[in-house]
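Please look over the sequence and the model below before reading on. The paragraphs that follow go from single residues to sheets and helices.

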Amino acid sequence: MAWLVLVMASGLITIVLVVRQLLLNDVDQRVTRVLNQESREYAAFAAVGRDRAGAVVTDPAALLDLYLGAQYPDEYETLIGIVAGPDGLDAVRQPHESMRDVALPDELLHSIVADPAPSGSADTSAGELRWAKVGTLPVDAGESEEPAAWFVTGYLVEPSRRQADDTLRALTLVGAGALLSGAGVCRLVAGQILAPVREVRLAAAALTERDLTHRLPVHGRDDIAALTEQFNAMLDRLERAFRTQREFLDDASHELRTPITIVRGHLELLGDDPAERAEAVRICTDELDRMSRMVEDLLLLAKSEQPDFVTPSWVSMPELSSDVDIKLRGLADRRWLLEAIGEGEAWLDPQRVTQAVLQLAQNAVAHTRPGDVIRFGSALTEDTASFWITDTGPGVRPEDAPRIFRRFTRGTGEERVGGAGLGLAIVTAIADAHHGRAQLVSRPGDGATFGLALPARPIEDDGGDGRHDEGGRA
């Protein structure tokens, strides 16, 4: 608003200065026009040199007196006849002119007559006097004789300039009033326009990690409404992030506390019996290994939030599927079957995809017995690259499916399987980083199929908002 008022003030000052110059130029042009017109009219009259009866007037003084008696000068205009006599110059002025009270001393008249120029200016008590003169010769005068009389037209410039100044003063006052009114209107309109922005600012200032529930009302369909919607969406993401963080910290502290408690308890009860000591060392080592794997999984999940978590490239689906199948067969004593292979190339991070499939396979191993069948397959369509693991385990209950992909979450009755509940969370993180999703198809008692559906072509980054369709077992 300040810049707008400054621009308006600059424009007003420019207008005032331009108008002032135009008015002064108009005054000068009007004065010059009046002087030239009066001079031409007298010159034309003197060239004829006749009175109203048609008689020739030979005396210059009589000619001046005759002409001046028929003229009515404008305001601030004076018509003077100057005649050279034996005692000097005699000036004849009209008795009814408006400038009768302005003194025109003899020195001024002498300077006008003596000036060789036909026009000029002089200083008077009333200000600058612009003048023009026309010399008059007797009828029988020769060409070399000097004029014996002069017709002088004078015009006071200061009154006209004061009128111009009054006009400028009025224009300045009106412009200043308009400027102040415009500033007030701008402030009012700016306040109304920025009111939603102010609400956003106040709402942002009032936010804390303990209270992210406040939302702003959305009015209209303009840019401010779009900004408000984006702000509310940002609050939704922040609220989810803080809630997930709190849940993660609560779950992580609980999961890490268990192996620490076990290790401490066995160390406190450690006796001198070698067999007992060996058993205690074995249990402590297992718990420490489990805690180490949990920390590694947590670090991996934390890294999944970074933009360089995946580095996709064009990958051959048959080669990737074959490599994954070879690695699967070394996980456990199961009947591994490769039931399908996608043909073509996909835009994927092969290491992260392999890691996700191995996590799904380990999940399937944990819910099957030696010798059970576990099938692996891949497929490629125009837009999607898919990978899946199908087991013959107990399956997933419908009530567990929506939450099974969360961190530190297990299906009902799965505590016997072990693990920290981070495996499928890692799978979800890898799928989200590819802008894909993790999927689950299962019926209780009839096994489960966990899969990845990933974009097969490069896409614009949408901020990592990919979502899995359903949950699974950890």
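Contact here means heavy atoms within 4.5 Å. Leaving out residues up to four places away in sequence, Arg334 touches Val365, Thr368, Arg369, Pro370, Gly371, Asp372 and Ile374. This is a predicted model, in which local features need pLDDT of at least 70 and side-chain atom pairs count only at pLDDT 80 or more, while totals for chains, interfaces and linings use all residues. Residues are numbered from 1 along each chain as its sequence is written, and side-chain values use heavy atoms, with hydrogens and water left out.

The chain as a whole comes first. Its secondary structure comes to nine helices and 12 strands; helices (H or I, at least four residues) and strands (E, at least two) are DSSP runs, numbered from the N terminus. Of the 474 residues, 36% count as buried, where buried means under 20% relative accessible area, exposed over 50%, and partly exposed in between (1.4 Å probe, protein chains only). Among contacts between residues at least 6 apart in sequence, 66% join residues at least 24 apart.

One open sheet has five strands in the order β2-β1-β5-β4-β3, with antiparallel pairing; two strands pair if DSSP finds at least two bridges between them. Its edge strands are β2 and β3, each of which pairs on one side only. From one strand to the next the twist averages 30 degrees; axes are lines fitted to C-alpha atoms, for helices over the stretch in contact, and angles run from 0 to 180 degrees between N-to-C directions.

Two hairpins belong to these strands. β1 (residues 77-85) and β2 (residues 88-93) pair over six bridges, and two residues lie between them in the hairpin. Gly85 stands opposite Gly88, and the bridge partner of Ile80 is Arg93. β3 (residues 119-124) and β4 (residues 127-136) are likewise antiparallel over six bridges, again as a hairpin with two residues between the strands. Here Gly120 stands opposite Trp131.

Which helices lie across β4 and β5? Helix α1 (residues 2-48) lies across β1, β4 and β5 (149-156), at about 20 degrees to β4. Helix α4 (residues 158-206) lies across β4 and β5, at about 20 degrees to β5.

Further along the chain is helix α6 (residues 274-303). At 1.5 Å a residue, its 30 residues should span 44 Å, and the end C-alpha atoms are 43 Å apart, which agrees; the expected span is 1.5 Å times one less than the number of residues. Buried residues in α6 include Ala280, Cys284, Glu287, Met291 and Met294. An α-helix has 3.6 residues a turn, so residues three or four places apart point the same way.

Another open sheet of five strands runs β7-β9-β10-β12-β11, with mixed pairing. The edge strands are β7 (335-340) and β11 (437-442), each pairing on one side only. The twist averages 15 degrees from one strand to the next. Six bridges join β9 (residues 373-380) to the antiparallel β10 (residues 384-390), with Phe376 opposite Ile389.

Arg334 sits in the loop between α7 (317-328) and β7. Gly393 is in the loop between β10 and α9 (423-433). Gly393 counts as buried because its relative accessibility is 9%. Apart from neighbours within four places in sequence, Gly393 is in contact with His367, Thr368, Gly445, Asp446 and Gly447. The C-alpha atoms of Gly393 and Arg369 are separated by 8.2 Å, with the two residues 24 apart along the chain.
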